[in-house]
Amino acid sequence: MEYNFLPSDEIILKTAGALKERGVEAIVVASRNEALEKIKEFIPKGSSVNNGSSRTLEEIGLVEYLKSDAHGWNNLHVAALAEKDPAMQSKLRKEALFADYYLGSVHALAETGEMLIASASGSQLPPIIGTSPNLIFIVGAQKIAPTYDEAMNRLKNYVVPLEDKRMKEVGMGGTFLAKVVSFLGEPVFMGRKVRVILVKEKLGF
């Protein structure tokens with residue numbers, strides 16, 4: 001199966017509807033610029049934010065925006081990276097797990113609404129699973145697969161090899177599939193807000 005093509009508007013809207021049925025708000029936008037503007041709308045000034053490592057976040061300009069002083073947010077991810085004292089850095093990393101907003105992407109999204117997020121270390125998974133009250137996933141529409149099984153195939157056979165290659169090219173040891181979260185829905189009783197910004201562009205792997 002081809003894993004890097006943009007689906008039709010019909011499929012994108014179908015997927016957005018399936019996410020809604022699973023307790024996830026889906027917002028469809030035409031471009032990466034619109035996606036960044038939506039994020040700015042959703043996060044109030046003074047909120048604490050955390051983000052995972054993500055090519056998608058880089059490609060929409062969010063990583064550079066987070067480094068600026070323009071947003072008015074408390075950027076816990078950058079604060080932890082900048083801290084030189086090991087004990088204080090550990091403390092800041094723990095605080096980041098409970099940020100008001102967590103920003104990231106997913107590696108595959110089924111038309112039926114299931115999302116797959118993989119991690120070798122697992123460090124970015126706690127906020128996704130439950131510690132952050134607000135999640136915002138930015139997802140290029142090419143990541144949509146027809147079924148859950150095809151979404152898993154996309155992750156295993158397409159995303160992981162590309163990420164492994166990328167990491168080796170930058171002098172790191174590569175990657176492997178260690179931990180996978182199947183995000184099947186968000187129960188109302190959790191009281192969290194989960195949003196997916198579906199972008200009609202190819203973003204990330």
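This is a short walk through the aromatic pairs, the largest pocket and a handful of individual residues in a predicted model.

Okay, ground rules first. Because the model is predicted, local features need pLDDT of at least 70 and side-chain atom pairs count only at pLDDT 80 or more, while totals for chains, interfaces and linings use all residues. Numbering starts from 1 along each chain as its sequence is written, and side-chain values use heavy atoms, with hydrogens and water left out.

Let's start with the rings. How many aromatic pairs does a search of the whole structure find? Three. To pair here, rings of Phe, Tyr and Trp (its six-membered ring) need centres within 6.5 Å; planes under 30 degrees apart count as stacked, over 60 as edge-to-face, and the rest as tilted. One of the three is tyrosine 65 with tryptophan 73: the centres are 5.7 Å apart and the planes sit at 75°, so that pair is edge-to-face. Both tyrosine 65 and tryptophan 73 are buried. By buried I mean under 20% relative accessible area, with exposed over 50% and partly exposed in between, using a 1.4 Å probe and protein chains only.

Phenylalanine 137 and phenylalanine 183 make another edge-to-face pair, at 6.2 Å centre to centre and 85° between the planes. Phenylalanine 137 is in strand β7 (residues 134–140) and phenylalanine 183 is in strand β9 (residues 179–183), so this pair ties together parts that are 46 residues apart in sequence. Strands and helices here are DSSP runs numbered from the N terminus: E for strands, at least two residues, and H or I for helices, at least four. Phenylalanine 137 and phenylalanine 183 are both buried too.

Now some charges over rings, meaning NZ of Lys or CZ of Arg within 6 Å of the ring centre and within 35 degrees of the ring normal. Back at tyrosine 65, lysine 40 lies over the face of the ring, 4.5 Å from its centre. Arginine 195 does the equivalent job of sitting over the face of phenylalanine 42, at 4.0 Å from the ring centre.

Next, isoleucine 39, in helix α2. Its relative accessible area is 0%, so it counts as buried. What does isoleucine 39 contact, leaving aside neighbours within four places in sequence? Ile60, Leu62, Trp73, Leu103, Ile136, Ile138 and Ile197. Contact, for this talk, is heavy atoms within 4.5 Å.

Tryptophan 73 turns up again with serine 47. Serine 47 is in the loop between α2 (32–42) and β2 (48–51), and it is buried at 8% relative accessible area. Setting aside neighbours within four places in sequence, serine 47 contacts Trp73, Asn74, Asp100 and Tyr101. A polar atom of the serine 47 side chain also lies 2.9 Å from the backbone oxygen of proline 44.

On to the largest pocket, with about 1100 Å³ of space. It has 41 lining residues, and the closest to its centre are Gly52, Ser53, Ser54, Ser119 and Gln124. Elements giving two or more residues to that lining include β2, α3 (55–59), α5 (76–82) and β6 (115–119). Which element gives the largest share of the lining? That's α8, with six residues.

Let's move to the loop between α7 (125–131) and β7, where we find proline 133 and serine 132. Buried or exposed for serine 132? Buried, at 0% relative accessible area, whereas proline 133 is partly exposed at 33%. Not counting residues up to four places away in sequence, proline 133 touches Ala99, Asp100, Arg192 and Lys193. Serine 132, leaving aside neighbours within four places, has contacts that include Leu97, Phe98, Ala99 and Arg192.

Arginine 192 comes back once more with isoleucine 129, which is in helix α7. Isoleucine 129 counts as exposed, at 54% relative accessibility. Beyond four places in sequence, isoleucine 129 contacts Val181 and Arg192. The C-alpha atoms of isoleucine 129 and valine 181 are 8.0 Å apart, with their positions 52 residues apart along the chain.

Last one: aspartate 69, in the loop between α4 (62–67) and β3 (74–75). Aspartate 69 is exposed, with 79% relative accessible area. From aspartate 69 to phenylalanine 176, C-alpha to C-alpha, is 35 Å in space, and they are 107 residues apart in sequence.

Conventions: Polar contact = N/O pair within 3.5 Å; in protein donor to acceptor, adjacent residues only side chain to side chain. 1 Å grid on protein atoms, 1.4 Å probe; cavity = no way out; pocket = protein on both sides within 12 Å on 5 of 7 lines; lining within 4 Å. Points joined across faces, edges and corners; volume = space filled by probe spheres on them.
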